[in-house]
Amino acid sequence: MHTGIITLTTDFGLTDPYVGAMKGVILSINPQVRIIDISHQVGPGDIQAAARLLTETYSFFPTGSIHLGVVDPGVGSSRRAIGVYAKGHLFVGPDNGLFWPILSQDPDARIIHLTKSVYFRPHVSHTFHGRDLFAPVAAHLSAGVDLHRMGTVITDPVAFKIHTVQQGTHTLTGRVTAIDRFGNLITNIEENVLNRFLGAHQPLIQLGGRVINTLHHHYADVPPGEPLALFSSSGHLEIAVNQGRAAECLGIEEEEIHQLEVEIERI
Amino acid sequence: MHTGIITLTTDFGLTDPYVGAMKGVILSINPQVRIIDISHQVGPGDIQAAARLLTETYSFFPTGSIHLGVVDPGVGSSRRAIGVYAKGHLFVGPDNGLFWPILSQDPDARIIHLTKSVYFRPHVSHTFHGRDLFAPVAAHLSAGVDLHRMGTVITDPVAFKIHTVQQGTHTLTGRVTAIDRFGNLITNIEENVLNRFLGAHQPLIQLGGRVINTLHHHYADVPPGEPLALFSSSGHLEIAVNQGRAAECLGIEEEEIHQLEVEIERI
Amino acid sequence: MHTGIITLTTDFGLTDPYVGAMKGVILSINPQVRIIDISHQVGPGDIQAAARLLTETYSFFPTGSIHLGVVDPGVGSSRRAIGVYAKGHLFVGPDNGLFWPILSQDPDARIIHLTKSVYFRPHVSHTFHGRDLFAPVAAHLSAGVDLHRMGTVITDPVAFKIHTVQQGTHTLTGRVTAIDRFGNLITNIEENVLNRFLGAHQPLIQLGGRVINTLHHHYADVPPGEPLALFSSSGHLEIAVNQGRAAECLGIEEEEIHQLEVEIERI
């Protein structure tokens with residue numbers, strides 16, 4: 001049940017030798033494996049952003065794919081290294097919440113504390129487990145080694161605090177989780193949750209002092225430069241501006257998004 | 001006549017999950033295909049820049065390669081999705097002019113309006129046809145499905161306005177089409193067009209108030225810091241500065257390049 | 001003794017067609033080869049940075065891998081094109097010092113001046129040897145052509161000035177060679193050199209007016225925000241700040257790093 005595909009999601013950027021070294025280590029163990037870059041542009045140490053990238057990409061790959069996530073501000077400390085089997089996919093990385101949004105959705109998820117050093121590089125540095133521990137483990141998994149042979153089962157992975165949508169009698173309150181490259185604001189409000197809340201009503205959406213009161217289907221449903229609400233390709237409520245950048249039009253900075261609430265009423 | 005190679009040219013950047021999702025969709029349909037990134041750094045919605053990248057790279061790949069181009073500001077509107085067979089290669093993307101510079105050069109080009117949803121993902125979102133329509137179509141093509149089975153032939157693709165070189169009695173007038181990473185100014189004046197215009201004469205090249213009156217072969221033909229004109233690797237007139245950045249030396253900003261004329265006289 | 005792997009290290013960036021064209025040329029010659037991006041984000045013309053990337057990544061790949069390095073400010077001048085066999089790997093690129101740190105470590109390194117145009121593209125441009133000369137040579141090597149058939153042996157490659165560590169009676173003086181994406185300062189002082197110098201003593205490390213007097217193992221050995229010295233994953237002395245950016249905390253700019261000395265005394 002392995003595909004020979006390893007995806008990479010890291011905060012290593014593309015100017016340092018770190019990503020190249022990881023790819024070399026993987027190919028030295030399994031020359032046949034296919035390495036697919038998801039992103040190396042995660043903000044340094046931004047576990048939340050990396051978790052979102054993993055959550056929103058893994059399921060499109062063939063089941064049995066291996067997803068290597070290395071955003072690891074606690075490298076070399078006592079944080080554990082884990083391998084996870086969840087939702088039909090394998091995940092390898094630090095136990096810092098990176099895979100929590102995925103494994104918490106799978107009651108049958110199995111989490112292995114990676115302890116068998118025979119699957120690591122001979123010398124494991126204190127500052128680069130991506131190269132010395134996670135990459136070789138992923139490569140051995142891709143070559144068919146069973147995850148269970150690589151360590152011991154644990155049941156207390158580090159949880160990642162996920163902002164949940166709050167539903168009151170009259171309001172639904174969510175948050176902006178990301179601004180994408182097009183300036184679109186992606187929220188944590190899922191389509192089915194919003195539809196259930198609205199019933200036959202229309203929404204009154206408030207965000208950063210702006211009000212939007214219709215849900216549209218396409219960007220082109222409103223004139224260029226106008227804001228609109230629609231469902232994103234990941235199935236979440238999205239605030240966009242047709243042919244414009246919602247974040248700029250609404251005066252919202254990257255840094256403040258995690259404080260930004262979206263409030264919805266029924267009208 | 002397919003190679004198992006899919007190239008990707010998008011404006012999705014590398015911080016969002018969009019590129020990863022597309023790669024996953026492709027590999028889920030054809031696990032054997034080879035995915036080659038051309039660029040994901042096209043400016044958001046910059047069809048012209050993406051068209052240039054496609055035009056200047058596709059022909060170096062083996063014939064039968066599949067080139068996926070997703071710069072799609074009109075996603076979800078009534079713009080058509082197309083597959084194109086031209087110059088021995090296959091192209092998949094929105095019908096917004098992206099492939100026009102290539103297909104307009106091939107009188108035998110065939111253009112298919114992609115309508116057969118059996119080759120799409122089961123649910124096609126309104127905002128991400130790259131993942132839900134173009135990626136699966138490209139993957140099915142790479143697996144050997146004939147493009148003609150995927151829709152209906154059309155003959156009126158959206159044309160892309162290409163700035164052509166104007167030839168007067170005494171002057172040849174072209175434009176700057178790009179500033180590359182090295183600050184070189186690439187124009188739309190082709191080597192053979194310029195040579196035919198010049199005959200046995202030397203050129204007097206005027207650009208942004210500067211005059212250059214010799215054509216050189218190598219950057220190193222002039223002292224460091226000096227501007228020069230030569231033919232670029234794509235066979236176009238290029239204004240460069242040896243070991244410097246022509247755009248900066250000549251005080252030219254990225255935004256103004258498409259307004260920038262290059263005038264050539266014979267001397 | 002070839003692996004079918006070609007790695008790419010260039011200063012071409014990801015917005016121009018240059019990298020895509022090179023990949024196409026390679027795949028047109030050897031459709032089976034696997035292309036692995038190390039980086040295309042080397043600063044334009046920064047041979048030193050590219051040499052560091054090559055030096056710190058090549059050895060992690062399977063022996064017999066081919067490493068294409070194209071940072072080539074002298075393209076089209078009389079600088080030679082070379083292929084190098086050293087340390088069990090093959091290297092292809094301009095003779096400008098790019099491979100010097102690797103080949104100077106291997107007394108048996110063989111350097112071939114690439115002169116056999118049968119292994120180049122039919123027309124070699126004056127400005128893009130990456131596409132027209134180096135990429136096809138690498139592809140032919142990956143297809144099994146012997147490097148010795150591609151030109152003539154030379155023994156005077158361009159040397160790259162490597163800053164060596166200066167050892168005085170009481171001090172060891174090195175330099176910062178890079179600031180990585182996390183703001184860590186990587187020096188040229190190797191672990192075994194420092195340990196030999198220190199013997200049973202502790203170090204007193206001075207850098208940019210700051211003093212650090214202990215060597216630690218992990219970032220987490222000091223409180224968040226505190227600077228520390230440790231050995232980097234490449235085995236060099238590194239100055240870091242736990243959960244912070246050493247470069248910023250110490251007020252060091254990217255541009256000045258090559259002037260920046262690190263002085264170590266024994267205490």
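Between chain C and chain A, 13 residue pairs are in polar contact, with both partners at pLDDT 80 or more. The model is predicted. Salt bridges are another matter: the count between chain C and chain A is 0. The elements that give two or more residues to the side of chain C that touches chain A are β2 (34-39), α2 (47-57) and β13 (227-231) of chain C. The largest share comes from β2(C), with 5 residues. By residue type, this side of chain C divides into 14 nonpolar, 8 polar and 7 charged residues.

Now take the whole contact. On one side stand 29 residues of chain C, and on the other 33 residues of chain A. Together chain C and chain A bury about 2,600 Å². Carbon and sulfur atoms account for 58% of that area. Three residues lead on the side of chain C. They are C:Phe60, C:Arg181 and C:Ser233, which supply 29% of the area that chain C buries against chain A. No other three residues supply more.

How are chain C and chain A related in space? A rotation of 120° superposes chain C on chain A, with 0.0 Å of shift along the axis. The RMSD of that superposition is 0.0 Å. The two copies are thus related as by a three-fold rotation axis. Which residue of chain C comes closest to that axis? It is C:Arg34, whose C-alpha lies 5.3 Å away. The copies use different surfaces in their contact: 7% of the contact residues of chain C recur in chain A.

Turn next to chain A and chain B. A turn of 120° and a shift of 0.0 Å along the axis lay chain A on chain B, with an RMSD of 0.0 Å. In chain A, the C-alpha nearest the axis belongs to A:Arg34, 5.3 Å from it. Here too the copies use different surfaces, and 7% of the contact residues of chain A recur in chain B.

The contact between these two chains takes 29 residues from chain A and 33 residues from chain B. The area buried between chain A and chain B is about 2,600 Å², and 58% of it is on carbon and sulfur atoms. A:Phe60, A:Arg181 and A:Ser233 supply 29% of the area that chain A buries against chain B, more than any other three residues.

What kinds of polar link cross from chain A to chain B? The count of salt bridges is 0. Polar contacts do cross the interface of chain A and chain B, in 13 residue pairs with both residues at pLDDT 80 or more. On the side of chain A that touches chain B, the elements giving two or more residues are β2 (34-39), α2 (47-57) and β13 (227-231) of chain A. β2(A) gives the most, with 5 residues. The residues on this side of chain A comprise 14 nonpolar, 8 polar and 7 charged.

Last comes the layout within one chain. Chain A is divided into domain 1 (5-154) and domain 2 (166-266). Taken over C-alpha atoms, the centres of domain 1 of chain A and domain 2 of chain A are 33 Å apart.

Conventions
Residues numbered from 1 in each chain as written. Chains lettered and ligands numbered in written order. Predicted model: local features only at pLDDT ≥ 70, side-chain atom pairs only at ≥ 80, totals over all residues. Heavy atoms only, no water. Least-squares fit on C-alpha atoms with pLDDT ≥ 70 in both. Contact = heavy atoms within 4.5 Å. Buried area = accessible area lost by both parts, 1.4 Å probe. Salt bridge = Lys/Arg side-chain N within 4 Å of Asp/Glu carboxyl O. Polar contact = N/O pair within 3.5 Å; in protein donor to acceptor, adjacent residues only side chain to side chain. Helix = DSSP H or I, 4+ residues; strand = E, 2+ residues; numbered from the N terminus. Nonpolar A, V, L, I, M, F, W, Y, C, P; charged D, E, K, R; others polar. Domains from an automatic or database assignment.
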